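This report is written for a reader new to the structure shown below. Its topics are charged pairs, overall form and two loop residues.

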Amino acid sequence: HPSDEILNKDSIQKLLSSFIGHKLISLEIESLDIKLSDKALSKIIRSEKMFKRENKFSRTEYEKFLIKNNLSAAAFEANILERFKKDQLFDFVGGGIVPARFLVESSHNQINQKRNIEVINLNNTYEKKLSFTNSEIENYYKENSDNFKIVYRTIKFVELNPKNLIESDDFNDLFFKKLDEIDDHIVGGKDLDFLTNQFNLVSSPLLKFNELDIKNEPVEDNNFPKDLLVKVFSINENEPTVLIEHKDKYFIIELIKNENILSKISEQSVKKEILKKLSERKKRKLISELISKINTGTFKKEDFYKFSEKENAKIQKFKIEGKNDSKSFKLNLVKQIYSHSEKRVVLVADIALSEIFLIYIDKIENVLLDSNSENYEKYFNLSKAKLSNNLYNTYDLYLKKKYEISINYKALDKVHNYFE
């Protein structure tokens, strides 16, 4: 949701692009003189199911909807008007598209064609090459020491409730008035010690957490809610005392100390992480060498078999029944396989490099689509959507050339700098 998005350079750029796109569409609607009559607008509103009672338009239901959504009739009708004008523009641009039969069949075949492949699991092959000396481990630790620093935060807190704040069992007006007083004191720069004295409260002892505790169970056994730790690590050091509402409970939290502590190389978690990173680095190097040979055409079918023999790597045979067949491989790997042609050697891998396969695509079996098939309409619509998207992209370029777009980059830079 845009209101929940943290504003940074990328999100500001997205908002700007969205605004420009919206403006270009409005200008084109005006240029083409696309209109919606009052009678047509009235018909659209009256046909909405949410405004009907006993299958007839109800003015009362319409008014209730406007009040519930804090809308005026003029604003709501303007939104509908804009939406339907956009629909008419898009229908004008791409509404008459009818994909040829061969495109429909091509879309069907791309998704459903079968592939016979031969596979070498490179993770098994590379496993014996992923041993590292103590010197390599220590060097990686020294070169990347910042990655092994953990943020520790020491806090004190008070959970506020009617009992300890106003000596009552009820969340009444007096309780919330006291909360407002506390909030005013915090805004004024008062700390937790002042607040505990002022309102006769008892704070917790010092509690120390590290950022890993957000995902794991904290070592210390205390009464601090674990799901509040995210907020602890978002406290600004310049404003260390905060009043937080969380799940209908209220807390004053004060940040006492913030530390960046370097984890020791002897810690099991650190060594495990180093070995993982060294393994990924080595795998990337080995993969890059193979991909380079494949891309330059110096690694073909005969090289695939030589590699198997040299590395003592087993070749397995699989048949993939379609682009959505995940029985043997994850779908992201299947999509990679389907992006290559027959009689080719390819390398596919996931982002984490936990699954890496060297594959020879031996045979592609095309699948025909009968025009009388119940699936024909599905692939007809898919082909139409692809054609429409291509047309809309071309139309977008046309609009950017048709209308002059002037951006005040000095003002934009100021906005970027404000949110950095």
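In this predicted model, Glu365 is partly exposed, because its relative accessibility of 24% lies between the limits of 20% for buried and 50% for exposed residues. Glu365 forms a salt bridge with Lys319, and the closest N and O atoms of the two are 3.3 Å apart. This pair connects distant parts of the chain: Lys319 belongs to strand E8 and Glu365 to strand E10 (residues 356–365), with their positions 46 residues apart in the numbering. Lys319 is likewise partly exposed, at 37% relative accessibility.

**Further salt bridges**

Side chains of opposite charge can pair when their charged atoms come close. Across the whole structure, a search finds 19 salt bridges. Among them is the one in which the side chains of Lys114 and Glu321 meet, at 3.0 Å from N to O. Here too the pair links distant parts of the chain, 207 residues apart: Lys114 lies in strand E3 (residues 114–121), while Glu321 lies in the loop between strand E8 (316–320) and helix H14 (331–337). Lys114 is partly exposed, with a relative accessibility of 25%. Glu321 also counts as partly exposed, its relative accessible area being 34%.

A further salt bridge joins Arg59 to Glu63, with 3.3 Å between the closest N and O atoms. Both residues of this pair lie in helix H3 (residues 59–68), where they are four residues apart, or about one turn of the helix. Glu63 is partly exposed, at 34% relative accessibility.

The three pairs are set out below.

| Salt bridge | N to O distance | Place of the partners |
|---|---|---|
| Arg59 and Glu63 | 3.3 Å | both in helix H3 |
| Lys114 and Glu321 | 3.0 Å | strand E3; loop between strand E8 and helix H14 |
| Lys319 and Glu365 | 3.3 Å | strand E8; strand E10 |

**The chain as a whole**

How many helices and strands does the chain have? There are 16 helices and ten strands. The radius of gyration is 32 Å, well over the 22 Å given by the globule rule for 420 residues, so the chain is more spread out than a compact globule. Taken along the principal axes, the box filled by the C-alpha atoms is roughly 80 × 80 × 50 Å.

Of the 420 residues in the chain, 33% are buried. The chain exposes about 27900 Å², of which carbon and sulfur atoms supply 49%. Among contacts with a separation of 6 or more, 67% are between residues 24 or more positions apart. The chain carries 70 positive and 67 negative charges, and the mean positions of these two sets are 7 Å apart.

**Two residues with positive phi**

Which residues lie in the loop between strand E6 (241–246) and strand E7 (249–262)? One of them is Lys247. Its phi is near 55°, a positive value in a residue other than glycine. Lys247 counts as exposed because its relative accessibility is 63%, over the limit of 50%.

Asp248 is also placed in the loop between E6 and E7. Although Asp248 is not a glycine, its phi is positive, at about 65°. Asp248 is exposed, with a relative accessibility of 63%.

Conventions
Residues numbered from 1 in each chain as written. Heavy atoms only, no water. Salt bridge = Lys/Arg side-chain N within 4 Å of Asp/Glu carboxyl O. Buried < 20%, exposed > 50% of the residue type's maximum accessible area, 1.4 Å probe, protein only. Rg over C-alpha atoms; globule rule 2.2 N^0.38 Å. Contact = heavy atoms within 4.5 Å. Areas by Shrake-Rupley, 256 points an atom, 1.4 Å probe, with all protein chains shown as cover. Lys, Arg positive; Asp, Glu negative; His and termini not counted. Charge placed at Lys NZ, Arg CZ, Asp CG, Glu CD.
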